[in-house]
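Q: Please give me a close look at the salt bridges in this model. I want to know which residues pair up, where they sit and how covered they are. Then place them in the chain as a whole.

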Amino acid sequence: MNITRIIEEFEKGNICVFKDENAARQALIQYSMLGNSIEQDRAISYKIFQNYFVEDKKDKEEVTSVMRLLFVTQFLKNNHLSYFISDQYSESIDRLSVFVSKILPSLKRIKENVAYNIIPEAMKSDVELLYVKYNEFLDSRNLYEPSFNEYKLENAKDSVSSSSYSIICDDTIPDLQRFLKVLNNPDNIKLIHSLSVDGNVELEKFENCAEENSFQIRRIYHLLSSGVNVEDIAITLAKFDNQIDDLEREANKYGIPISCKAHKLLKIYPAGKYFSRLNVLFKQRFSLSYMKEFFLDRSLPFKERGNLRNLIRIGIDTNISHGQISGTNDSWEQKLDPSKKIRKEERELYTSLLAFYKEFKDAIIMLNSAKTKTEVIGALEVLETLLFDESLDVFDGTKDSYKKVMNEFDKFFNDMEKSGIDEQDNLYSWLISQLDDVAFSSPQEIKTDGINIYSYPDSSALNVSHHFILGVNHAATESIYKPLDILPSSIEESMREEENLTSAILNDYITAEGNVYVSYGEEDYSGSCLPPSFFIERGLVAKSRLDIPCISNPYRDEEMFFGKIVDGFDATPLQRAGFYRANENILSETKFNMTSRKVDRSLINRFLSKCVNDRGEIKLSSTSIDTYKTCPYKWSLRYIMNINDDPFDIVPLDHREVGSFLHKVMEVFFKKVNREDNGFFSSRAEIYEEWLSQIFDEELYNYSQSDKSPTPSSVIYIYYTFKPRVMNIIANECDTFDGLKSHGYEEYFEVHDSIVTEEQTIPYYIKGMIDRIVTLQDSGYAVVDYKKGSATIKEKSFRKGIEETGELKSYQFPCYRKLMKSKNMDAKIAAYYGFNDGKYEFVFGDDEAFHKRMDEIFDEVVKQMLISIKDGDFKTTPSKENCAMCPFRQICRKRYSTK
């Protein structure tokens with residue numbers, strides 16, 4: 001907008017009419033900045049100007065979008081629409097109600113349009129019925145619909161008729177000509193058209209929106225460096241919500257202060273997320289993924305975060321899928337049952353978490369089942385008391401956005417009351433839906449000392465020395481006024497009363513006084529973009545770009561640090577601050593790095609507290625011994641820091657659970673064999689096959705119905721993949737353990753012991769669960785470990801390691817030997833059974849000398865391991881073999897270090 005033309009109208013004494021309040025306010029500000037004084041009512045919005053010619057509504061109130069939606073909802077309970085809502089798709093009524101509510105303001109205009117007589121009869125019938133019922137609703141509630149207003153000159157006051165009005169940039173105001181025609185084009189109303197484009201402003205093209213933002217921010221950086229004031233620069237974004245975050249990041253790199261004059265959506269703020277998730281949790285039946293998203297959000301000021309993390313930890317550890325809205329089969333309540341816990345502290349924790357979950361669940365159900373304002377407010381107050389401290393000021397902006405949401409809810413409740421509705425089904429879902437388009441900016445974001453950022457086309461009235469308009473592509477700038485958009489596509493364009501305002505608005509921008517920079521990226525985050533036809537038709541697409549001096553050496557400070565002599569260029573403020581921060585930590589010598597140094601002696605006891613029991617014994621198992629021998633650092637991550645590796649599989653299959661399922665099948669089968677035959681006999685092989693087949697099917701069914709059930713397709717995969725492999729064990733058992741009895745299955749062992757050195761005594765205990773123990777004929781025992789895949793250790797390599805290097809390839813079976821000795825049981829034979837291979841793979845046999853050497857090596861390894869642990873030695877042992885498949889490699893290697 002050209003301010004010179006506006007000043008001319010002010011000087012003539014005319015009242016200037018602008019397209020909106022923002023444009024009117026900008027004109028007054030810029031006129032006063034020139035040292036002039038002017039009355040505020042000399043610049044008014046078009047809406048205020050229209051109301052001069054409307055009959056006084058007396059005590060009536062303007063209807064709101066919420067009231068319209070409430071009317072449609074009540075209307076559809078007692079009335080039938082044949083065109084706008086189909087009987088075949090009754091489930092879509094809720095969504096179509098929103099659509100019908102949006103066409104209510106255009107009903108009167110449709111009836112007055114020449115196309116009304118040629119639209120389908122069903123549509124005409126619906127429009128007529130809606131129009132009659134809607135007017136009855138408005139009259140009964142003392143409301144009025146602004147779009148139904150009738151404009152007449154006689155409604156205006158004498159002061160209006162005696163004043164002169166100039167409508168600025170009339171081509172950017174939709175429906176203006178129709179309005180003036182109704183008034184018979186009064187002589188005291190003058191139209192001020194936009195200036196014609198003079199060709200000085202060209203549209204700059206970038207490969208993508210990221211390059212566009214970066215280049216224009218650098219251009220602004222150099223303007224500021226050359227002495228241009230912050231208030232003399234402004235930025236307009238054609239797609240504000242899509243562009244603002246990226247632009248803020250770019251501005252931050254160069255230390256450029258910005259101030260958002262356009263509001264972001266309320267739903268992206270902490271309070272918006274909080275209230276929306278209360279609805280999602282109900283719809284998703286308290287699923288683990290949404291519970292994690294809710295309770296682990298650091299932007300929400302929850303109290304007792306430790307308990308909330310414990311709740312989620314238990315949900316993850318026990319593989320909870322979801323809870324229940326009704327009934328008793330709630331996985332959360334089952335897994336939090338304190339009666340199943342032995343230790344007192346665990347019972348207390350589970351008791352408190354179960355009570356919290358039940359109270360939280362009841363409040364969520366009460367909230368989403370509420371039909372009245374009182375019920376909604378009551379449920380929200382319960383949740384606020386349960387989840388938050390007395391003050392919501394813990395995090396920036398939370399309290400303000402929380403109040404904004406509650407204000408929006410209050411508006412909705414007021415609209416309900418004015419609409420005469422006391423109850424509404426799914427009331428909370430209605431409330432949440434009203435937040436989708438609500439704008440909000442926290443006080444922390446509203447600054448006055450930065451470059452102002454506006455949303456297109458709100459800033460078309462702006463006149464600054466340097467105005468940057470970004471993202472000016474065809475889709476982002478297209479502005480077509482469609483008052484009768486619901487008319488069928490068969491209606492001629494001339495009858496639809498549409499107005500294309502795109503060119504007028506763009507023309508308004510680029511004819512403003514000062515330097516205007518207009519640009520777009522050929523690619524944005526939604527796909528390819530085209531330039532507006534406005535620039536193409538006028539030959540205003542730039543063939544080249546006026547370049548700007550770049551920062552030739554943004555790493556000047558870093559090169560100076562390493563002793564190089566550099567001149568002339570500085571790093572950006574963000575780069576400089578980042579380098580100095582790095583110099584204080586990652587570029588300085590590491591004081592405490594477990595990957596290459598021992599833990600400080602003063603910290604050892606506190607550090608090891610995670611891996612000892614109440615008696616001060618270090619907890620060991622065959623798996624933990626294997627892990628420590630592979631890499632002490634990996635052992636510390638898993639057994640001290642409790643970092644677990646979560647497997648990633650394309651197939652939705654939990655291999656650990658499948659392994660547990662196969663173990664269960666074996667356990668049930670061999671217990672049945674013991675119970676029925678008191679041992680396994682090859683002569684009964686055919687009967688065993690029938691038993692095993694039946695047991696597999698029954699256990700697979702139980703697995704598919706459990707909380708940890710895989711998908712139906714995975715159940716089919718398990719059946720056809722693993723059942724044949726499981727059935728192979730009958731033949732192998734006949735060849736290996738014919739006539740022998742299983743002594744135990746999934747049997748737990750525990751050994752308490754200690755090692756004594758010259759300096760200290762180190763207590764420890766080893767625990768383990770042995771898959772299957774078979775009683776041999778000579779009073780010894782065979783130990784069997786089942787593998788879902790293949791056996792990884794074979795007898796030849798195991799024996800070779802002991803005889804040639806004095807090392808054990810695996811500590812699992814030597815550990816089992818030690819555990820069984822505590823009960824005077826001699827494990828003479830050890831074997832794996834790999835379901836993939838379909839055969840037993842023996843690790844060692846009945847060789848007393850070999851057993852003795854193996855036990856000695858095991859005891860020495862345990863001794864050295866305990867001494868090293870107490871000495872704080874958790875250094876890495878990097879090698880191709882150790883690190884190739886390690887799930888923790890990103891934590892300790894190359895670019896990463898643990899401190």
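A: Start with K404. In this predicted model, K404 is partly exposed, with a relative accessible area of 23%. Its salt-bridge partner is E408. The closest N and O atoms of K404 and E408 are 3.5 Å apart. E408 has a relative accessibility of 14% and counts as buried. The cut-off matters here: buried means under 20%, so E408 falls on the buried side, while K404 at 23% does not.

Both residues belong to helix 18, which runs over residues 398-418. They are four residues apart, about one turn of the helix. An α-helix has 3.6 residues a turn, so residues three or four places apart point the same way. Side chains of opposite charge can pair when their charged atoms come close.

Next, a pair that joins two helices. K361 forms a salt bridge with E333, and their closest N and O atoms are 3.4 Å apart. K361 lies in helix 16 (residues 344-369) and E333 lies in helix 15 (residues 331-335). The two residues are 28 apart in sequence, so this pair ties together separate parts of the chain. Cover differs between the partners. K361 is buried, at 5% relative accessible area. E333 is partly exposed, at 23%.

The third pair spans much of the sequence. E497 and R178 meet through their side chains in a salt bridge, 3.8 Å from N to O. They are 319 residues apart, and the pair links distant parts of the chain. R178 sits in helix 9, residues 176-182. E497 sits in the loop between strand 14 (480-481) and strand 15 (499-500). Both ends have some access to the surface. E497 is partly exposed, with a relative accessible area of 25%. R178 is also partly exposed, at 36% relative accessibility.

This pair does not stand alone. R178 and E497 belong to a network of salt bridges that also takes in K108, R109, E112 and D175. Across the whole structure, the search finds 42 salt bridges.

Now the charge background. The chain carries 115 positive and 143 negative side chains. The centres of these two sets lie 5 Å apart.

What is the overall frame? The chain has 36 helices and 24 strands. Its radius of gyration is 38 Å, well over the 29 Å that the globule rule gives for 899 residues, so the chain is more spread out than a compact globule. The C-alpha atoms fill a box of roughly 120 × 80 × 50 Å along the principal axes. Of the 899 residues, 47% count as buried. The exposed area is about 46600 Å², and carbon and sulfur atoms supply 47% of it. Links across the sequence show in the contacts too. Among contacts with a separation of 6 or more, 73% join residues 24 or more positions apart.

A few sites further along give local detail. K598 lies in the loop between helix 24 (573-584) and helix 25 (601-608). It is partly exposed, with 43% relative accessible area. Leaving out residues up to four places away in sequence, K598 touches D871, G872, D873 and K875. K598 and I869 are 271 residues apart in sequence, but their C-alpha atoms are 9.5 Å apart in space.

Helix 26 covers residues 622-630. Its buried residues are S622, S624, I625, T627 and Y628. These pack against strand 19 (618-620), helix 27 (632-639), helix 33 (812-821) and helix 34 (848-870).

Helix 27 is mostly covered, with seven of its eight residues buried. Charged residues are among them: K634 and R638 are buried, alongside P632, Y633, W635, S636 and L637. L637 has a relative accessibility of 1% and counts as buried. Beyond its neighbours up to four places away, L637 touches N642, I643, F888 and I891. A residue elsewhere gives a sense of span. L637 and I421 are 216 residues apart in sequence and 60 Å apart in space, C-alpha to C-alpha.

Back to the pairs. K404 and E408 share helix 18. K361 and E333 connect helix 16 with helix 15. E497 and R178 connect a loop with helix 9, and both belong to the network.

Terms used. Residues numbered from 1 in each chain as written. Predicted model: local features only at pLDDT ≥ 70, side-chain atom pairs only at ≥ 80, totals over all residues. Heavy atoms only, no water. Salt bridge = Lys/Arg side-chain N within 4 Å of Asp/Glu carboxyl O. Buried < 20%, exposed > 50% of the residue type's maximum accessible area, 1.4 Å probe, protein only. Rg over C-alpha atoms; globule rule 2.2 N^0.38 Å. Contact = heavy atoms within 4.5 Å. Areas by Shrake-Rupley, 256 points an atom, 1.4 Å probe, with all protein chains shown as cover. Lys, Arg positive; Asp, Glu negative; His and termini not counted. Charge placed at Lys NZ, Arg CZ, Asp CG, Glu CD.
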